[in-house]
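Here's a walk through the empty spaces in this protein, with a stop at one helix pair along the way. Have the structure open and follow along.

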Amino acid sequence: SSSMSPDIKAFFDPATFTVSYLVADPMSRKAAVIDPVLDFDPRSGRTGTKSADAILADAQQRRLEIEWILETHAHADHLSAGAYLKEKTGAKIAIGEHITKVQAVFRGIFNAKDINTDGTPFDRLLKDGETFRIGGLTVEVLHTPGHTPACISYKIGNNVFVGDTLFMPDYGTARADFPGGDARNLYRSIKRILSLPDDTVLWMCHDYKAPNRENFVWKTTVGEERAKNIHVHEGVSEDEFVAMRTARDKTLGMPVLILPSVQVNVRAGHMPPPEDDGNIYLKVPVNRL
């Protein structure tokens, strides 16, 4: 049935190592975009829509109707093209319900009075275990916190879009040191995903090309991750993982785009409101992070 076999196309953004997905129900031709990227040059402050337009062009060519924009979390390494795609398609933007916590943190960090802490301007806040539809496809929501408190994964048939919970087996797992992140929660979320059947297909939100690999890849299985993930293969205990993750996170610098990204992404891909001169400014809090 179509509920078991979505049509999945990946779009890789080399500038941010992000994978966005166009997921379609082949029967109804309804589709969703997962984790779209708005191009942003931090040196000039210029935005671009080349990445998002490539997804739109593909949908148009295949006569797909995009009705959802699905965010796995408020990303810290790229700006979301959610607001741009919504404007172009009328699609609804959905994210995990705990985005409210993330909005509260960054409203404070940026002293941004316009940032709401009630989940708006997202159109739909998703709870753990709830389902919704893309045409005939059923999407199940899994709350998978740890990288951020609001992270969710999207399960469609035998496919799970894991956001930044896991990376490819040879690259490991995501950091857990952003505001509200928690290595223990991350371990438990990963174990939840890895308790699914071995042949479940896992789609990554990023790939950074592990040292001995020639190509970027973003598709693996539960079985592969369980057997080979360098951070959480079977046999790694929760305490061992937490110790490794905590030590590793202490060595990592902040992502290049974290400051512009989070202030846009907690606003569902909208820029801050224009100032009295009509121009838009992104803030850089000094000595806050």
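The lining of the largest cavity breaks down by class into 10 nonpolar, 2 polar and 1 charged residues. Keep in mind that this is a predicted model. The space in that cavity comes to about 110 Å³. To find its centre, look for A74, V102, F106, T148 and F178, the closest of the 13 lining residues. Helix 3 (99-109) and helix 7 (258-265) each put at least two residues into the lining, and helix 3 gives the most, with 4 residues.

How many cavities of 30 Å³ or more turn up in the whole structure? The search finds 2. The second largest has a volume of about 40 Å³, and its lining is made of E71, H73, A74, H75, S80, I95, F122, N265, A268 and G269. By class that's 4 nonpolar, 5 polar and 1 charged residues.

On to the pockets. The largest pocket has a volume of about 660 Å³. Its lining runs to 31 residues, with T16, F17, D77, Y208 and P255 nearest the centre. Strand 4 (37-41) and helix 6 are the elements that supply two or more residues there; strand 4 gives the most, with 4 residues.

The second largest pocket has a volume of about 280 Å³. It has 15 lining residues, and L38, T47, G269, M271 and I280 are the closest to its centre. Strand 4 shows up here as well, along with helix 2 (82-89), each supplying at least two residues. Helix 2 gives the most to this lining, with 3 residues.

Here are the two pocket linings by class:

| Pocket | Nonpolar | Polar | Charged |
|---|---|---|---|
| Largest pocket | 18 residues | 5 residues | 8 residues |
| Second largest pocket | 9 residues | 5 residues | 1 residue |

Now for the helix pair. Helix 6 (residues 238-250), which helps line the largest pocket, also packs with helix 4 (residues 183-193): their axes come within 9 Å and cross at roughly 125 degrees. Why do helix 4 and helix 6 count as oblique to each other? Their crossing angle is roughly 125 degrees, and oblique takes in angles that are neither 65 to 115 degrees nor over 145 nor under 35, so helix 4 and helix 6 are oblique to each other. The crossing is right-handed. On the helix 4 side the contact is made by A183, R184, L186, Y187, R188 and I190, and on the helix 6 side by E238, D239, F241, V242, R245 and T246. By class, this contact has 6 nonpolar, 1 polar and 5 charged residues.

Key. Residues numbered from 1 in each chain as written. Predicted model: local features only at pLDDT ≥ 70, side-chain atom pairs only at ≥ 80, totals over all residues. Heavy atoms only, no water. 1 Å grid on protein atoms, 1.4 Å probe; cavity = no way out; pocket = protein on both sides within 12 Å on 5 of 7 lines; lining within 4 Å. Points joined across faces, edges and corners; volume = space filled by probe spheres on them. Nonpolar A, V, L, I, M, F, W, Y, C, P; charged D, E, K, R; others polar. Axes fitted to C-alpha atoms, helices over the stretch in contact; angles between N-to-C directions. Left-handed = near helix turned anticlockwise from the far one by under 90°. Contact = heavy atoms within 4.5 Å.
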